[in-house]
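Here are my notes from a first pass through the model, jotted down point by point. Have it open next to you while you read.

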Amino acid sequence: MTGIAHSVAAAFARLERLDGVTGAVVPRLFGLVLGVAGWYGLASVFPNRLMPFPGETLALTVELVATGVVTEHLLATSKRILLGFAGSMVVGVTVGTLMGLDDYARKFFLPYVVVGMSVSAVAWAAVGTLVFGFSVLAPVAATVLTTFPFVTVHVWKAVEDVDDDLTRMSRSFDVSLPRMVRRQLLPDVTPGLFSASRFGLAISWKIVTLAEMFAASNGVGYRLFKAYQRFRFEEAWAWAAVFVIVILLIEYGVFRPLERRVFAYRSEARPLA
Amino acid sequence: MTDGLAESTSGARADGTSDAPAIACSDLSKRYGDESVLESVSFEVPDGEFVALIGRSGSGKSTLLDVISGIEQPDDGRVTFPAADGDATVGHVFQDPRLLPWETCLQNVEYVHGDDPDYDDDVGRRYLDLVGLGDQYDQYPTQLSGGQRQRVGLARALSVDPDVLLMDEPFSNVDEITADELREDLLDLWRDFEPTVVFVTHDVTEAVRMADRILMLGDGDLFGDVDVPLDRPRSIDSVEFVRFREQVREQFREQG
């Protein structure tokens with residue numbers, strides 16, 4: 001076992017040494033191939049109606065996309081996610097900033113944040129459905145209530161960790177507050193805002209999909225649950241595939257390019273000899 | 001750029017320079033909670049003088065510099081800038097250069113100029129040229145060596161055309177060879193620009209090499225104030241240099 005672990009570690013080390021495109025593509029390709037192979041392996045063991053092969057799932061996903069049903073339900077889910085995500089960012093950034101800046105605010109909000117992080121998303125979804133019925137507000141409210149504590153913590157820590165030395169430098173040169181906010185403070189908290197956004201969006205996806213299972217009459221979560229109730233597992237897998245594809249598109253199509261652009265100063269840094 | 005509280009005590013000399021002190025600190029006290037960091041510190045620095053402020057770690061050197069720059073407010077006493085009629089421009093060079101890592105060298109220099117209508121990128125480039133970074137305008141701090149980052153900090157401080165230049169152990173984080181180069185460059189720039197310099201260090205050799213005058217700080221109190229009776233340029237190996245340095249060290253050992 002130790003020998004195998006050593007071999008795997010050595011293989012990864014060799015991959016890390018690869019330069020440029022090869023170094024960037026090979027590990028991802030390797031991970032993907034391993035994932036698909038694992039899926040194949042499991043699909044071979046389980047009955048086909050419970051777990052179809054990747055090719056079958058992909059074919060059904062393409063079929064669903066072609067009928068237009070994916071677009072319809074994906075748009076409904078996206079609308080809820082965007083509303084929930086925006087709401088949780090507004091609340092989370094505001095509360096997190098106040099907690100990072102002011103001791104009184106930190107003491108005031110901390111119990112709400114702790115409780116918010118502990119309460120199950122299902123509980124919020126149930127409460128949302130009871131209060132708002134099958135309207136769009138139910139999944140949105142559940143998303144905001146579940147996501148904002150996590151966003152708050154990220155932002156709170158980012159604001160708390162603002163480099164005090166840079167602030168003192170700015171003050172010693174009498175830099176105006178708006179300039180200081182724009183050029184020093186905002187860039188300093190940007191990594192925290194970035195991870196808050198990424199985390200917030202990921203949670204929003206999960207919560208909206210979950211809430212749609214019993215608090216909506218359309219959406220990806222609704223369709224997934226319907227497929228499960230009708231024992232159409234291959235369709236449930238296809239909807240799950242849609243979910244995964246959209247998440248990957250957002251990660252590699254939105255977050256990564258934005259991150260590369262915003263943190264260009266980091267990637268351009270080169271180690272000194 | 002710090003607004004002082006000075007009375008207008010300046011008087012102009014025939015050569016156009018002022019005989020009023022550039023910095024006047026009177027009865028400065030500063031406490032953090034129950035801990036007293038500065039206790040009734042008073043001194044004056046004539047216009048254009050290079051003063052070294054030496055003391056052990058925790059003696060209050062950096063706090064005194066922060067009070068002079070206006071980053072910290074004293075609990076008692078006051079700082080004035082009589083030679084500049086109270087409105088002195090202060091440049092600050094820190095032990096860690098405190099550069100914005102997400103901005104280039106040129107942007108870091110530009111950052112401290114606010115809406116100054118006289119500033120354009122040519123001004124920034126000129127000061128980066130002066131400190132020997134003529135080919136690094138668009139580099140990020142993470143792409144520079146420690147010595148180069150400190151040079152950017154120096155260019156930033158000089159670019160505000162300071163009446164008073166405050167330097168807080170600026171060369172203590174770079175290797176000795178680079179520190180030597182930086183010391184020589186600083187003395188050249190001081191001769192060219194003639195700002196009043198307050199240079200904090202815990203290195204007696206560095207203080208004797210650089211300064212016109214040495215102030216000694218211990219436990220928040222000034223206990224020594226000596227002029228450096230050596231001509232420039234100074235050789236740290238000369239008998240006079242070594243003898244004077246030992247005198248300073250002796251005084252420091254006895255009282256500091």
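1. In which hand does α4(A) pass α9(A), left or right? The crossing is right-handed. Bear in mind, here and below, that this is a predicted model.

2. Some geometry for that pair. Helix α4 of chain A covers residues 69-101 and helix α9 of chain A covers residues 177-215. Their axes come within 9 Å and cross at roughly 135 degrees. Angles over 145 degrees would count as roughly antiparallel and those from 65 to 115 as roughly perpendicular, so α4(A) and α9(A) end up oblique to each other.

3. Who makes the contact? On the α4(A) side you'll find A:T77, A:R80, A:I81, A:G84, A:F85, A:S88, A:M89 and A:G92. Facing them from α9(A) are, among others, A:A196, A:S197, A:G200, A:L201, A:S204 and A:W205. Further along α9(A), the list includes A:I207, A:V208, A:T209 and A:E212. Sorted by class, the contact has eight nonpolar, eight polar and two charged residues.

4. On domains, chain A is assigned two: domain 1 spans 2-45 and domain 2 spans 54-265. Between the C-alpha centres of these two domains of chain A there are 30 Å.

5. Next, where chain A touches chain B. The contact draws 19 residues from chain A and 20 residues from chain B. On the chain A side, the elements giving two or more residues are α8 (164-172) and α9. Of these, α8(A) provides the largest share, with six residues. The class split for the chain A side is eight nonpolar, three polar and eight charged. Note that α9 of chain A turns up in this interface as well as in the packing against α4(A).

6. Over to chain B and its sheet. Six strands make up an open sheet with mixed pairing, in the order β7-β8-β9-β4-β10-β11. Why do β7 (90-93) and β11 (221-227) of chain B each have one side without a neighbour in the sheet? They stand at the edges and each has a single partner strand, so the other side is left free of a neighbour. On average, neighbouring strands in this sheet are turned by 20 degrees against each other, with direction ignored.

7. One strand pair of that sheet to look at: β4 (residues 50-55) and β9 (residues 196-201) of chain B. They pair in the parallel sense, over five bridges. To find the register, start from B:F50, which stands opposite B:V197 in β9(B).

Conventions: Residues are numbered from 1 along each chain as its sequence is written. Chains are lettered from A and ligands numbered from 1 in the order in which they are written. This is a predicted model: local features need pLDDT of at least 70, side-chain atom pairs count only at pLDDT 80 or more; totals for chains, interfaces and linings use all residues. Two strands pair if DSSP finds at least two bridges between them. Helices (H or I, at least four residues) and strands (E, at least two) are DSSP runs, numbered from the N terminus. Axes are lines fitted to C-alpha atoms, for helices over the stretch in contact, and angles run from 0 to 180 degrees between N-to-C directions. Domain bounds come from an automatic or database domain assignment. Angles under 35 degrees count as roughly parallel, over 145 as roughly antiparallel, 65 to 115 as roughly perpendicular and the rest as oblique. A crossing is left-handed if the near helix is turned anticlockwise from the far one by less than a right angle, and right-handed if clockwise. Two residues are in contact if their C-beta atoms, placed from the backbone, lie within 7 Å. Ala, Val, Leu, Ile, Met, Phe, Trp, Tyr, Cys and Pro count as nonpolar, Asp, Glu, Lys and Arg as charged, and the others, Gly among them, as polar.
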